[in-house]
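Biologist: I would like to learn how the words used for a structure follow from its numbers. Can we go through this one together?

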Amino acid sequence: MRQRAVILVVDDEVSNIEILSEALEEEHDISFATSGAEAVRVARSLLPDLILLDVLMPGMDGYEVCRVIKSDPLLMDVPIIFTTALGDQEAEVRGLLMGAIDYLAKPISPVIARARVRNHVEMKRMRDELAELAVTDALTGLGNRRRLEKSLNQDVSRLTETGEPLSVIILDVDFFKRFNDAYGHAAGDRCLAMVAAALNRAIRCASDVAVRYGGEEFACILPAMGHEQALDVAMQIKERVLLLGIPHASSDTAPIVTVSIGVATAACVPGAVPDHWMRVADSQLYLAKAAGRNNVIG
Ligand code: GH3
Ligand code: MG
Ligand code: MG
Ligand code: MG
């Protein structure tokens with residue numbers, strides 16, 4: 001979440017927008033819309049942190065806006081507070097049942113609006129943090145398996161629209177059990193964190209996702225990347241790990257920590273299942289191990 005929350009205020013009466021803006025603008029960044037259709041448009045381009053939504057509006061009313069937002073995967077988690085006429089219990093209940101988190105009674109009291117919005121923004125901040133933690137690996141700071149599944153599903157379905165390729169890299173530290181046995185588990189953990197950092201530096205920060213997939217196994221998703229380029233990235237990762245020069249005297253590949261890497265590439269065509277990339281990359285990794293380790297197969 002941004003440092004200042006972005007609040008979208010939706011109301012067909014400008015005076016209500018003015019009251020809410022004045023009450024909230026000191027703490028938050030305010031955007032507004034004066035119709036339901038405009039609200040949906042602005043919400044999609046702005047991805048606000050919270051929406052204050054008038055119920056009664058000509059054309060697309062607040063309930064309809066709420067329904068559209070709750071069925072949009074990018075917006076469904078944005079909290080909505082309905083603004084309803086004081087005492088209109090039916091409107092209040094209907095809004096809450098549709099997934100709104102709260103309501104504000106009209107005529108709007110600026111102090112109540114400010115207090116409620118502050119609480120909900122704070123809760124949104126905590127939810128975002130928890131959601132981020134749920135897909136983060138604590139040891140390395142990379143993503144975890146849940147992030148891998150989520151990103152891979154999203155990337156495959158997005159790229160299926162254009163039929164572009166996607167590549168997946170899986171890597172596994174060589175003779176890591178021996179490393180732990182020789183240097184201890186804490187040194188093993190430090191080694192994994194260093195390998196993760198090397199891996200992270202080899203990928204594109206905007207589009208690619210790197211995760212710790214299992215104990216000493218890592219994976220990268222490289223959307224819209226063909227096979228040659230993915231093999232290139234895999235080679236770079238392998239070289240970067242060698243350059244770390246982490247001593248590993250009992251390894252059979254070299255006296256330093258090395259990795260084996262499997263690469264899979266396929267076009268995202270209708271019917272393609274994310275699991276396909278993982279299975280292929282995994283069997284390539286197996287071949288890389290069988291071929292002597294410290295190498296890339298794809
Ligand atoms: P190979 O070259 O075939 O991959 O051999 P390996 O010894 O690396 O493979 P194996 O799967 O037999 O052993 C993996 C080891 O990784 C065993 C486990 O103790 C260690 N490991 C898994 N997760 C962690 C972790 O979070 N921290 C540490 N320090 N070690 C871990
Ligand atoms: Mg209205
Ligand atoms: Mg392993
Ligand atoms: Mg291993």
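**From values to words**

Modeller: Phe175 sits in the loop between β6 and α7. Keep in mind that this is a predicted model.

Biologist: Why is Phe175 called partly exposed?

Modeller: Count its neighbours. Phe175 has 18 other C-beta atoms within 10 Å. Buried needs 20 or more, and exposed means 12 or fewer. Phe175 falls in between, so partly exposed is the right term.

Biologist: What makes the backbone of Phe175 worth a remark?

Modeller: Its phi is positive, about 45°, although Phe175 is not a glycine. Most residues other than glycine have a negative phi.

Biologist: Which other residue has a positive phi although it is not a glycine?

Modeller: Ala224 does, with a phi of about 60°. Ala224 is in the loop between β8 (217-223) and α9 (227-244). It has 16 other C-beta atoms within 10 Å, so it is partly exposed.

Biologist: How do you know that Asn119 is exposed?

Modeller: Asn119 has 12 other C-beta atoms within 10 Å. Exposed means 12 or fewer. Asn119 therefore just meets the cut-off. It lies in helix α5 (residues 110-134).

Biologist: And Glu149, buried, exposed or partly exposed?

Modeller: Glu149 is partly exposed, with 16 other C-beta atoms within 10 Å. This residue belongs to helix α6 (residues 145-160). The C-alpha atoms of Glu149 and Asn119 are separated by 32 Å, and the two residues are 30 apart along the chain.

Biologist: What makes the bond between Lys106 and Pro107 a cis peptide bond?

Modeller: Look at omega. For the bond joining Lys106 and Pro107, omega is about 0°. Most peptide bonds are trans. Pro107 is placed in the loop between β5 and α5.

Biologist: Now the strands. Why is β3 called largely enclosed?

Modeller: Five of the five residues of β3 (residues 50-54) are buried, so the rest of the structure largely encloses the strand. Leu50, Leu52 and Asp54 point one way, while Ile51 and Leu53 point the other way. Both groups are buried.

Biologist: How do you know that β3 pairs with β1?

Modeller: Two strands pair if there are at least two bridges between them. Strand β1 (residues 6-10) and β3 have four, so they pair, in the parallel sense. One place to look is Leu8, which stands opposite Ile51 in β3.

Biologist: How many bridges link β3 and β4?

Modeller: Four again, in the parallel sense, with β4 covering residues 80-85. Phe82 in β4 is the bridge partner of Leu53. Between these strands the chain passes through helix α3 (residues 62-70).

Biologist: What makes that β-α-β crossover right-handed?

Modeller: Point the strands away from you. A path from the first strand over the helix to the second that runs clockwise is right-handed. The crossover from β3 through α3 to β4 is right-handed, so its path runs clockwise in that view.

Biologist: Which strands stand at the edges of this sheet?

Modeller: Start with the order. The open sheet runs β2-β1-β3-β4-β5, with parallel pairing. β2 (29-33) and β5 (102-106) are the edge strands, for each pairs on one side only.

Biologist: Why is one side of β7 and of β10 left without a neighbour in their sheet?

Modeller: That sheet is open too, in the order β7-β8-β6-β9-β10, with mixed pairing. β7 (209-212) and β10 (296-297) each have a single partner strand, so one side of each has no neighbour in the sheet. Further in, β6 (residues 165-173) and β9 (residues 259-267) run antiparallel, joined by nine bridges. Asp172 has Ser260 in β9 as its bridge partner.

Biologist: Last, the ligand. Which residues are closest to ligand 1?

Modeller: Asp174, Phe176, Lys177, Gly188 and Gly215 are the closest of the 16 residues around ligand 1. β6, α7 (176-183) and α8 (185-202) each give two or more residues to this shell. α8 gives the most, with four.

Biologist: What is the make-up of that shell by class?

Modeller: The shell around ligand 1 has seven charged, five nonpolar and four polar residues. Gly188 is in the polar group, because Gly counts as polar here.

Technical notes:
Residues are numbered from 1 along each chain as its sequence is written. Chains are lettered from A and ligands numbered from 1 in the order in which they are written. This is a predicted model: local features need pLDDT of at least 70, side-chain atom pairs count only at pLDDT 80 or more; totals for chains, interfaces and linings use all residues. A residue is near a molecule or strand if its C-beta atom, placed from the backbone, lies within 6 Å of it.
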